[in-house]
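Subject: Two-chain model for you

Hi there,

Here is the model I promised to pass on. Please have a look at it in your viewer, and then read my notes underneath.

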Amino acid sequence: MAALSDVLVDVPVGIPADAEPTPAEPTPAEPTAAEPTVVDLATTDVRALNRALHAADVAQTSPRWRVVRPDGRHSIAVGLDAEVQVQIDGHVGYYCAGMNKTADVVVDGNAGVGVAENMMSGTVRVRGNASQSAAATAHGGLLVVEGSAAARCGISMKGVDIVVGGDVGHMSAFMGQAGRLVVCGDAGHALGDSLYEARLYVAGSVRSLGADCVEKEVRAEHLAELTDLLAAAGIDADPTTFRRYGSARSLYNFHVDNASAY
Amino acid sequence: MTEHQPLRESATFDRATIAEIQRAAETGIYDIRGGGAKRAVPHFDDLLFLGASMSRYPLEGYRERCDTDVVLGARHATYPLHLSTPVTIAGMSFGALSGRAKEALGRGASEVNTSTTTGDGGMTPEERGQSKHLVYQYLPSRYGMNPDDLRQADAIEVVLGQGAKPGGGGMLLGQKITERVAGMRTLPMGVDQRSACRHPDWTGPDDLEIKIGELREITDWEKPVYVKIGASRTYYDVKLAAKAGADVIVLDGMQGGTAATQNVFIEHVGIPTLAALPQAVQALQEEGLHRTVQLVVSGGIRNGADLAKCMALGADAVAIGTAALIALGDNAPERDAEYRALGSAAGYYDDWQEGRDPAGITTQDDELAARLDPVQGGRRLANFIRVMTMEAQVIARACGKAHLHHLEPEDLVALTIEAAAMARVPLAGTSWIPGRGL
């Protein structure tokens, strides 16, 4: 893996966060902790940004990044594996922060399909809305969507925590294997269809439950984890207003009597 | 009925059909099994090579070179795979196979400098450690998928489907979901795992292009990205996969094996490998990408003749799965009594889904798995791949070719009208290619 200094051909470093982004020549100055590295995606391509974010020494050399004018580009800040903070000012396309490890990514806008897909750890926060398949198959970390998330939010989730300030679309948590999905608004049709061991909390209405998904009792330990999740997400909601859903575990094994359930 | 009138079996309701109706009525569940299509379909046995004579010069069998190397994934990747033989090992999961079987596949493949492939369940250290070239499958389930393994893979294979069940997802029954398998897949132990058939975060070719872009970005454009399709609408699928940016397309025909699938799916969905391959080549040629995007063909590849015929029809490499398991020891005649105890027999055993494989290959039972020595198994697999490669060289030299890739459709004729139409080569003894006039 290259060092950050080896991949700076296209990425200006050390520009103050409040500076007007320009396609400047690479600046030799080392950034300080207070100065994020600013990358303007109108003049720098996503490849150069990701290459720099993948540099072996990025956490030491430049732990804070600010990406401006993303303009819906795909695959921004994917595959991060370092303790860096990335602030993206604007809307992003597909797979922003995909397979994230350790890093903290904030999208100050809306996110396209598959934001934080297969995330392993770290946090991803979307200040706007998220398109479908948010945090698909993600194993760990925390995804916060302050607005609403579209269909299939948390599809095949494998351990991630997801907190959605608004609503989620249909088939959310489909085949959810592990992790927790918190929905402060309403959930669409077929919530938790074919659910395994993921735990779902919804404050608003649920249009319908999917196959093998049932409402379950909210016990003290569930209130406690819900309180913690809302606090971690920074979302002000009353945990006592949520209902819990999980797997009835009746479809875990083939049985002819269950044929009509599929 | 007279005393001497012979019994007449119905062609429609033959004994196998009657038995299946009786079994279905008894159990209320469809038959699930391993392996590929058992029905007779037009296959590579229906093709013959035209050895050199007056118009073509043969090469000396033991004196003139006939190269077999292949490069996979040079279209976009910084580090394509350089293999010494075009025989690769198809994707088979840890879970479907024991850890020792996966290790044996890695050992065998590495011994002959070819690649092996993970499956629906993630990458094991045994397999990574023993595989010089390891292709990491990216499946709808994403079981065990993580960026660390993605980065330590040598190539990435986005799986859209497989030949045994195009349109179907993976399946692994509860008896094989042991603690380790369950842990790798984040599933409860003992569940009947039914994987998704569609990817969770993309649909269609335009999305696939973006997904491939993401995988390249995560791995800094270093690794070849394959796209695997089950043979069905092959012509269009190959065009779309190439357009989406695939470096390599893996085409799996209906004879391709599966660890566990409904028998009705295996036998009635998809098309034969022979029918699919020429469609794929045509699609790539029309896009100007034949040989730029490599084509790996699987599904019923059994020997060097099949390999040579795939090469002649335009493939760059083949992948073997069932044949590789047989090379390791699957269906070995010395275990016939044990197969019979399971209601099968050596040469017939296909209940790979049950996890009771006497050969210790398609099992998660530690005692059974211990029966397979991965070193010896790897050696047997390497032997088999060497034989396949040498057999193909024999044929290629006879056709005057100094590289397996120099074989061409003009070297082939077909024994049946069906094979001639599918392979788009003349019926033997004629110049007639069905569908192309005289």
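Below are my notes on the two chains, their strands and helices, and the contact between them.

A word on conventions: residues are numbered from 1 along each chain as its sequence is written, while chains are lettered from A and ligands numbered from 1 in the order in which they are written. The model is predicted, so to speak of local features I needed pLDDT of at least 70, side-chain atom pairs count only at pLDDT 80 or more, and totals for chains, interfaces and linings use all residues.

Chain B

Chain B has 15 helices and 16 strands; helices (H or I, at least four residues) and strands (E, at least two) are DSSP runs, numbered from the N terminus. With a radius of gyration of 22 Å, close to the 22 Å that the globule rule gives for 438 residues, chain B is as compact as a globular protein of that length. That radius is taken over C-alpha atoms, and the rule is 2.2 Å times the number of residues to the power 0.38. Along the principal axes, the C-alpha atoms of chain B fill a box of roughly 75 × 60 × 45 Å.

Of the 438 residues in chain B, 56% are buried, that is, 20 or more other C-beta atoms, placed from the backbone, lie within 10 Å of the residue's own. Among contacts in chain B with a separation of 6 or more, 67% are between residues 24 or more positions apart; a contact means that the C-beta atoms of two residues, placed from the backbone, lie within 7 Å.

Chain B also holds an open sheet of eight strands with parallel pairing, in the order E5-E15-E14-E12-E11-E8-E7-E6. Two strands pair if DSSP finds at least two bridges between them. E5 (87-89) and E6 (115-117) of chain B are at the edges with a single partner strand each, so one side of each has no neighbour in the sheet. On average, neighbouring strands of this sheet are turned by 30° against each other, direction ignored. At the E6(B) edge, three bridges link E6(B) to E7(B) (residues 133-138) in the parallel sense, and B:Thr117 has B:Val135 as its bridge partner there.

Two helices lie across this set of strands:
- H6(B) crosses E7, E8 (155-159) and E11 (225-230) of chain B, at about 145° to E11(B).
- H9(B) (residues 273-286) crosses E12 (248-252) and E14 (294-298) of chain B, at about 175° to E14(B).

For these angles, axes are lines fitted to C-alpha atoms, for helices over the stretch in contact, and the range is 0 to 180 degrees between N-to-C directions.

Chain A

Chain A comes to three helices and 11 strands. Buried residues make up 55% of its 262 residues, and 28% of the contacts in chain A with a separation of 6 or more join residues 24 or more positions apart. E1(A) (residues 37-40) runs parallel to E2(A) (residues 64-68), joined by four bridges, with A:Thr37 partnered by A:Trp65. E2(A) in turn pairs in the parallel sense with E3(A) (residues 85-89) over five bridges, where A:Val67 stands opposite A:Ile88.

Where the chains meet

Which helix gives the largest share of the side of chain B that touches chain A? 22 residues of chain B are in contact with 38 residues of chain A, and H6(B) (residues 204-218) supplies that largest share, with five residues.

Best wishes

Conventions. Buried ≥ 20, exposed ≤ 12 C-beta atoms within 10 Å, placed from the backbone.
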